[in-house]
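Open the structure in your viewer and keep the sequence beside it. The tour below goes stop by stop, with something to select at each one.

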Amino acid sequence: MAFSMSFFFIVTALLISPAYSLTCTSQNVTQKNTRFTNCSDLPVLKAYLHWTYDPAAMPKPTLSVAFIAPPAKPEGWVAWALNPTGKGMAGSQALVAFKDSNGSMVVKTYNISSYSSIVESKLFYDVLDKKAEFSGGAMRIFAKLALPSDATELNQVWQVGSAVKGGMPEKHDFGPDNLNSKDTLSLVSEATASSPALAPSPSPTAGSGSGNGRQNGNDNGSSRIGVYGALVLLLAIPLIHF
C-alpha cells in the first residue's frame, strides 16, 4: 500500500509539472484537418498561439490560427488581433470570442479604432473562417485569415476581459499584463511553407521570432514523457524493495 501511494504521488507530480503542462507544445490543437506547425507561449495573460502560414495559397497567402486563453471571468471574453498600422491595441483588427445570450460561443470581428471606440465591422484582413470553443476554463478562437502577399512580419495583440453586456465586450483591466499583451509574429523566419491541410511534421529547430517562448508545434512532447518515465522508474526502485 505504501508503495502504491508513493508511486501515485510521484507520477502525479511529474505529469502536472508546469514545465511540461504549461507550454504550447503540450497542447494537441487541430481544426478542420489543419495541423498547426508553429506555436508560441505568449508572455502574458496565460495565452498561447498555434498557427500555420501558407504563402502559396491562392488568391492570397493565408494564416490559420488557434488562440487560447482563459477569460478574466467565466462570463468574460478573449481577443486576438492583428494591427496593420502599429504595435498597440489602437488600430488593431480583432477577433473577439465570448458566450452569446443563448450560451453558445461566438466570434465577432471588431475594428479597434481607439482605446475608447470598439466597432463591430469587417476587418482589414479577409476572415475566411472563424469559430470559438470554451472548455477547461479557456476559450479558443480558431480563424483563417487572408494576408497581403508581401506580409512577412505582423503586429499581434491579445486581450482578456471579465464581462459582456448587450452582446458587446466590456472594458478590460489595465494592469501591467493587459498593457503588455502585444508581440511580433514573424512569418518568414518561423513558418513552414506548406498547405495547412497537409502541413508536414515540424522541424526540431525552434523558430527565431522575438524570443517570447516561441516553439515549433508539438516538438519535444514525446521526449519529455520519456524523461518523466525514466524518473518515475528511478524513484520507484527503492520503494519496491521497501
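Begin with the largest pocket of this predicted model. Select β6, β7, β8, β9 (117–120) and β12, since each of these strands supplies at least two residues of the pocket's lining. Which strand gives the most to the lining? It is β6, with four residues. Now show Trp 77, Met 89, Ile 112, Ile 118 and His 172; of the 22 residues that line the pocket, these lie nearest its centre. The lining divides into 15 nonpolar residues, five polar and two charged. The space in the largest pocket comes to about 260 Å³.

Stay with β12 and select Val 157, which is in that strand. Buried or exposed? Val 157 counts as buried, because its relative accessibility is 3% and the cut-off for buried is under 20%. Leaving aside neighbours within four places in sequence, Val 157 is in contact with Ala 79, Trp 80, Ala 81, Lys 87, Gly 88, Met 89, Ser 181 and Lys 182. Pick out Gly 88 from that list: Gly 88 and Val 157 are 69 residues apart along the chain, but their C-alpha atoms are separated by 6.9 Å.

Next, colour the largest nonpolar core, which has 32 residues. Those with the most contacts inside this core are Leu 63, Phe 67, Trp 80, Leu 147, Leu 154 and Leu 187. Two or more core residues come from each of β4 (48–54), β5 (62–69), β6 (77–83), β7 (92–99), β8 (105–114), β11 (138–146) and β12 (153–161). Another core, of eleven residues, lies apart from the largest one; Ala 81, Val 96, Phe 98 and Val 106 are among its members. In soluble globular proteins, nonpolar side chains tend to be buried together.

Zoom in on Leu 147. Which residues does Leu 147 touch, not counting those up to four places away in sequence? They are Tyr 53, Lys 60, Pro 61, Leu 63, Leu 82, Tyr 125, Leu 154 and Leu 187.

Move on to Ser 149, in the loop between β11 and β12. Ser 149 is exposed, because its relative accessible area is 65% and exposed means over 50%. From here, find Met 58. Ser 149 and Met 58 are 91 residues apart in sequence, and 9.9 Å separates them in space, C-alpha to C-alpha.

At Met 58, look at the bond to Pro 59. This is a cis peptide bond, with omega at about 5°. Pro 59 is placed in the loop between β4 and β5.

The loop between β3 and β4 holds Leu 45 and also Lys 46. Phi is positive at Leu 45, about 65°, and positive at Lys 46, about 55°; neither Leu 45 nor Lys 46 is a glycine. Most residues other than glycine have a negative phi, and most peptide bonds are trans. Compare the surroundings of the two residues: Leu 45 is buried, with a relative accessible area of 13%, whereas Lys 46 counts as exposed at 66%.

For the last stop, select Asp 41, found in strand β3 (residues 38–41). Asp 41 is buried, with a relative accessible area of 14%. What lies 2.5 Å from a polar atom of the Asp 41 side chain? The backbone nitrogen of Cys 24 does.

Technical notes
Residues are numbered from 1 along each chain as its sequence is written. This is a predicted model: local features need pLDDT of at least 70, side-chain atom pairs count only at pLDDT 80 or more; totals for chains, interfaces and linings use all residues. Side-chain values use heavy atoms; hydrogens and water are left out. A nonpolar core is a set of buried Ala, Val, Leu, Ile, Met, Phe, Trp, Tyr and Cys residues joined through side-chain atoms within 4.5 Å. Buried means under 20% relative accessible area, exposed over 50%, partly exposed in between (1.4 Å probe, protein chains only). Contact means heavy atoms within 4.5 Å. A polar contact is a pair of N or O atoms within 3.5 Å; within protein, one must be able to donate a hydrogen and the other to accept it, and residues adjacent in sequence count only if both atoms are side-chain atoms. On a 1 Å grid over the protein atoms alone, a cavity is a set of points where a 1.4 Å probe fits but cannot get out, and a pocket is an open set with protein on both sides within 12 Å along at least five of seven lines; lining residues have an atom within 4 Å of a point. Grid points are joined across faces, edges and corners, and a volume is the space filled by probe spheres set on the points. Ala, Val, Leu, Ile, Met, Phe, Trp, Tyr, Cys and Pro count as nonpolar, Asp, Glu, Lys and Arg as charged, and the others, Gly among them, as polar.
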